[in-house]
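These are my notebook entries from going through one model, kept in the order in which I looked things up.

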Amino acid sequence: MTRVLDLVRHRTARTAFFVAVLMLLAWIMYGEVFMNLFNIRNILRQTSMIGVISLGMTMVIVGGGIDLSVGALTALCSVAAAYLSVRGPVAAVAATLALGLVLGAVNGLLVAGLRIVPFIATLATMMTFRGVSYILTDIKSIPVPRAEKAFIAIGRGYVFQVPIPAVIFLAVLAVLYFFSASTRTGRQIFAIGDNEEAARMMGVNVPLVKIFTYVINGFLCAVAGIILAARLGAGQPIGAEGWEMNAIAAVLIGGTLLSGGVGSVTATFFGVLILGLISNIINLHGEINAFWQRIVTGLLLLGAVFMQWKPSSSRAGE
Amino acid sequence: MRTLQKEAPGRRAPEMLRDYGAFIVLFLILAVNALATPNFFRLGTAWNMLLQSFPIIIMSLGMAMVVATGGIDISVGSVMAIGSIIFAKLSLDAGWGILAASLAALAVTFCVGLFNGLLVGKFGFQPIVVTLVTMMVGRGAAAVINDGKIVTFYDSNLVDFGLYQVFGVVPIHIVLIAVAVIAVYLLVKETVFGVYLQAVGDNLRAARLVGVNAFLVILVVYAVNAFLAGFAAIFETARLASADAINLGRLVEMDCVAAVAVGGTPMRGGQVRIVSTLAGALTMQAITTMVNMNNIPYAYSLVIKSVIIVVALSVQKEK
Amino acid sequence: MTDPIVAMRGIRKEFPGVVALDDVDFHIERGEIHALMGENGAGKSTLIKILTGMYRADAGEIRLDGGIVEPRSVFHMQSLGLSTIYQEINLVPNMSVCQNIALAREKTGPLRKIDWREARDRAGRALARLGLDIDVDKPLNRFSTAEQQMVAIARALSFDCKAVVMDEPTSSLNEGEIAALFALIRSLREGGMTFLFVSHKLREVFELCDSVTVLRDGGLVGRRPVGELDQYSLVSMMIGRDASEVVRARRSAGVATGARKICSLEGVRGGMRVRGLTFDIAEGEILGLAGLLGSGRTETLRMLFGADRPDAGVIRVDGVEAHFAMPRDAIRRHFAFCPEDRKVEGIMPSMSVADNIAVTSIRELSWKGIVSLPRKLALAREYIGKLNIKASSPLQPIRNMSGGNQQKAILARWLATRPRLLLLDEPTRGIDVGAKAEILDLVRRLAADGMSVLMVSSEWEELIQTCDRILVYRDGTNVASLEGDAMTEDAVIAAIAGGH
């Protein structure tokens with residue numbers, strides 16, 4: 001039972017949880033129930049891509065890293081998926097996922113192998129991934145043939161009235177929750193983020209586990225890229241721009257610490273949900289300028305940061 | 001421990017690479033261009049390159065100081081947008097003079113920097129998070145000011161001001177770059193502030209215990225950085241004769257951080273290399289210019305830059 | 001059975017420009033507590049790192065339990081039966097005790113799920129063996145340093161372990177905790193466990209160990225049963241000359257009666273630990289603070305320096321009430337503070353020795369904010385000479401210097417401000433015997449010139465040899481003041497224990 005409470009043990013995570021629940025309740029009370037159920041479905045579908053990426057980002061951040069390349073990688077994967085869609089959905093998905101794994105591993109090798117600061121290493125790969133997808137496509141979107149219904153269904157279909165992207169998002173959440181709380185590698189990610197030197201001394205293969213966090217993240221970018229291509233019916237070389245910042249914001253609003261070692265995928269889920277609700281509110285009210293969304297996101301992030309503030313940290317020492 | 005005889009008195013190769021890596025890279029890029037790109041070494045090309053790299057150079061100087069304190073500032077692109085749109089609105093819609101509008105824009109960006117510095121220096125929040133907040137809120141706010149529409153200058157003397165040439169030969173941008181590089185170099189290397197700046201980045205707790213006002217140092221550094229971003233924004237607005245709150249300065253923070261990193265300033269702080277940062281910024285621009293002049297798609301410059309970043313950082317790494 | 005459990009032969013290790021170990025032989029017998037000693041730079045930490053798998057030796061062979069091994073990593077050596085406890089507790093603070101003990105070796109079930117029940121049982125058993133009863137589900141950082149140290153030992157023992165290496169395990173423990181740790185080590189030895197014990201503290205070696213190996217300058221000096229040695233002969237082995245010239249006679253002068261008070265505390269309370277301090281410091285006096293770890297000694301210095309703020313009470317400087325909100329306020333009154341932890345609060349590692357020395361007085365070395373390089377270098381050279389700091393150049397980065405030289409540079413930084421009151425927190429911790437003597441000697445000379453010194457040390461002998469007066473702390477208040485011949489270790493212990 002204590003393990004269930006672990007989900008929201010951290011103060012900010014708990015707050016994110018309550019904020020998300022309150023917003024959801026307010027939303028349901030606000031109008032006609034059916035309208036809103038439809039709406040929740042919409043929110044889940046809209047946020048599923050950024051959600052999947054945020055879950056991967058959580059693993060990277062908990063392990064003490066950061067990954068700026070997720071937006072560009074998602075775009076590149078969407079292009080790859082669109083190109084490959086003519087070969088059938090299975091081949092397209094499998095090959096794109098493999099691509100995500102490999103490119104995630106590249107990030108991991110730069111960080112853990114060459115020991116380049118994560119911020120700079122993934123900044124470089126962000127430029128490469130974006131550059132390569134521009135070069136491959138000449139900056140034009142790559143259409144998925146209309147005949148590829150099965151592939152397109154990944155982005156637009158439903159399972160029992162639940163959008164498939166949302167199903168994927170929730171499935172990834174479940175798997176990562178199990179992975180991070182109950183497997184050896186999962187626990188080792190937390191150990192590295194908390195105290196890397198100690199983790200090394202205790203027998204954790206630090207470089208390997210670090211690489212693994214970036215591999216997970218690359219894989220999930222591929223998942224998001226596939227959904228993106230399927231939903232829009234085309235690979236998007238210029239798509240997903242700036243998603244890295246939204247994903248980082250969702251992770252931090254959820255309550256995961258950027259310093260590593262403390263956080264959870266469930267907290268990120270609530271962070272994603274909050275951002276999704278806000279985006280939805282703003283979209284439904286056309287008169288509210290869409291740029292307000294960024295402002296509100298930023299302010300929420302600021303709020304989350306203040307939640308984690310310990311007054312002692314500003315003093316010369318503890 | 002005993003010292004071996006074989007230790008050479010001179011500096012070893014890795015240190016040379018660390019200290020001069022950025023210059024070597026710049027030299028290589030220029031050498032490649034000398035062979036491959038026709039007209040690359042004409043005066044006009046050089047002027048043009050410096051003109052285009054003006055914002056990156058100016059802002060990399062500020063970023064180098066921020067990085068030296070152990071921080072980072074990813075909000076500079078958004079700060080540019082704020083500065084640009086305020087400048088444009090005041091000078092066009094409100095009818096302020098160019099000077100007054102510039103000063104107002106600079107004052108606002110300076111205050112944004114103060115806000116960053118306050119949260120980092122006083123509250124001890126992580127710089128990435130703080131400036132991510134400013135980046136998001138700032139970009140949103142800049143867009144909201146003019147509903148996301150571009151403000152265009154048609155006939156004002158702004159365009160003249162953007163093309164002003166000192167003594168009729170040297171573009172004003174180049175004079176400003178020279179002044180800024182020298183000023184920041186002297187500030188960092190020769191003043192009390194420079195020593196405090198590095199002390200704060202090297203060991204914050206120790207710096208506080210020797211009486212350094214760490215908060216003030218951090219506050220000033222972030223404020224100056226945002227101020228320089230505002231400064232660059234005004235000149236970019238003049239050069240482009242328009243203010244685009246959505247696109248101006250997008251991802252420019254990444255270019256600045258890359259320039260600083262290629263310049264060999266360690267990201268953990270405590271040390272700063274100003275002249276190398278200049279070389280780093282020029283390298284970034286030289287790649288763009290090279291790609292443009294050879295009619296290669298822009299995307300290739302992204303790939304080349306990223307390779308240079310990775311190579312530069314893996315050679316400069318300290319053991 | 002006669003085989004030593006650990007045997008190293010002909011070990012050599014070079015770093016760029018330096019031979020750290022040269023043809024060193026070393027062994028540990030079964031079931032003994034063996035000490036490894038040497039000054040800083042003697043090569044003992046290198047030897048430990050080679051043995052535990054952090055470094056590779058350039059030459060030599062290592063045998064564990066009779067068989068030749070090539071240590072590949074810390075984890076590799078652990079799995080072969082050699083566990084290590086480090087000076088800094090190398091555990092993961094935000095994870096639970098149970099997870100800390102189990103990390104990287106958890107038993108897994110279907111779907112590779114960790115068997116938490118088994119992990120918890122094992123952690124409980126390992127802790128019970130040490131007589132420790134704590135909640136294994138709580139995060140490690142909720143526990144005291146001593147308890148965390150015990151968890152580290154529990155983790156080490158929960159391996160199938162033949163020998164335990166302890167690298168300065170007592171440096172963050174108080175007297176009671178050290179006694180408990182030693183009792184534990186002895187009882188484990190009775191059970192057949194072997195220990196390698198590395199410490200700077202001579203007393204601990206004589207109290208605990210059966211035999212000792214001494215290294216000097218990367219070479220082996222010798223291996224002796226502890227019973228054959230006394231403190232002087234051991235120190236002589238370590239420093240390579242007669243110890244009596246290092247251990248100097250006690251300072252005789254004393255403070256003139258009626259010397260001016262420069263600072264006084266009245267009922268000062270603050271933080272978690274300081275619960276009422278009242279005492280004065282006279283001009284030219286060396287006042288020692290003795291007490292257990294956590295009795296509020298460091299906090300006293302920090303409050304006097306404005307690094308922490310008192311909650312109640314009055315601090316007077318020259319008879320006038322002073323409110324120090326931050327270190328700068330204290331520095332203005334010519335107070336100076338050398339912190340306990342050089343790395344964390346002292347040095348600026350990538351800056352030069354010159355900058356590290358000049359940083360406190362950089363304003364005086366500049367004109368309108370512009371620093372004069374010649375004056376800065378002159379100041380640095382002056383103090384490098386005065387304090388006998390071994391630096392290849394004033395522009396050498398300070399992180400490449402030894403601990404003793406770093407400590408001298410930090411002292412130099414403050415002497416350059418011509419302080420009236422020098423606050424020293426463990427000024428000799430982790431530095432070698434020679435540098436220790438130099439620093440204490442310097443402190444005495446400065447006091448003779450009229451500087452007041454307030455000094456915290458966990459080595460009471462050092463306080464007795466250096467100070468004019470010793471204040472003894474118990475639970476955040478000063479309970480006794482010892483002067484002259486009354487300053488003895490017994491008296492300090494008696495006062496701490498409350499029998500004074």
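I first fixed what I would call a contact: two residues are in contact if their C-beta atoms, placed from the backbone, lie within 7 Å. I also noted at the outset that this is a predicted model, and I read every entry below with that in mind.

**Entry: chain C against chain B.** With that cut-off I looked up the contact of these two chains, and I found that it takes 31 residues from chain C and 24 residues from chain B. On the chain C side, I listed the elements that give two or more residues, and these are strand S2 (18–28), helix H10 (327–332), helix H11 (342–346) and strand S18 (370–371). Sorting that side of chain C by class, I got 17 nonpolar, 8 polar and 6 charged residues.

**Entry: chain B against chain A.** How many residues does each chain bring to this contact? I found 39 residues from chain B and 39 residues from chain A. For the side of chain B that touches chain A, I noted that helix H5 (127–145), helix H9 (204–209), helix H11 (252–262) and H13 of chain B each supply at least two residues. Of the elements there, H5(B) gives the most, with 12 residues. By class, this side of chain B has 26 nonpolar, 6 polar and 7 charged residues.

**Entry: H13(B) and a helix of chain A.** I then followed H13(B) across to chain A, where helix H6 (residues 118–137) of chain A packs with H13(B) at an angle of about 155°, the axes being 7 Å apart. Angles over 145 degrees count as roughly antiparallel, and H6(A) and H13(B) are therefore roughly antiparallel to each other. I recorded their crossing as left-handed. Among the residues that make the contact, I wrote down A:Ala124, A:Met127, A:Gly131 and A:Ile135 of H6(A), together with B:Leu302, B:Ser306, B:Ile309 and B:Leu313 of H13(B). The class count for the contact of H6(A) with H13(B) came to 13 nonpolar, 4 polar and 2 charged residues.

**Entry: H13(B) and a helix of its own chain.** Next I looked up helix H12 (residues 274–293) of chain B and helix H13 (residues 298–316) of chain B, whose axes come within 9 Å and cross at roughly 150°. H12(B) and H13(B) are therefore roughly antiparallel to each other, and I noted that H12(B) passes H13(B) in a right-handed crossing. The contact is made by residues including B:Met284, B:Ile287 and B:Val291 of H12(B), and B:Ser301, B:Ile304 and B:Ile308 of H13(B). I divided the residues of this contact into 7 nonpolar, 3 polar and 1 charged. Comparing the two lists, I saw that B:Tyr300 and B:Lys305 appear in the contact with H12(B) and again in the contact with H6(A).

**Entry: chain B as a whole.** I counted 13 helices and 5 strands in chain B. Of its 319 residues, 55% count as buried, and residues 24 or more positions apart account for 79% of the contacts in chain B with a separation of 6 or more.

**Entry: domains of chain C.** I closed with the division of chain C into domain 1 (6–243), domain 2 (248–334 + 419–500) and domain 3 (353–416). The C-alpha centres of domain 1 and domain 2 of chain C lie 34 Å apart, and 9 residues of domain 1 are in contact with 8 residues of domain 2. Which element gives the largest share of the domain 1 side? I found that helix H8 (residues 231–239) of chain C does, with 3 residues, and that this side has 4 nonpolar, 3 polar and 2 charged residues.

Conventions:
Residues numbered from 1 in each chain as written. Chains lettered and ligands numbered in written order. Predicted model: local features only at pLDDT ≥ 70, side-chain atom pairs only at ≥ 80, totals over all residues. Domains from an automatic or database assignment. Helix = DSSP H or I, 4+ residues; strand = E, 2+ residues; numbered from the N terminus. Nonpolar A, V, L, I, M, F, W, Y, C, P; charged D, E, K, R; others polar. Axes fitted to C-alpha atoms, helices over the stretch in contact; angles between N-to-C directions. Parallel < 35°, antiparallel > 145°, perpendicular 65-115°, else oblique. Left-handed = near helix turned anticlockwise from the far one by under 90°. Buried ≥ 20, exposed ≤ 12 C-beta atoms within 10 Å, placed from the backbone.
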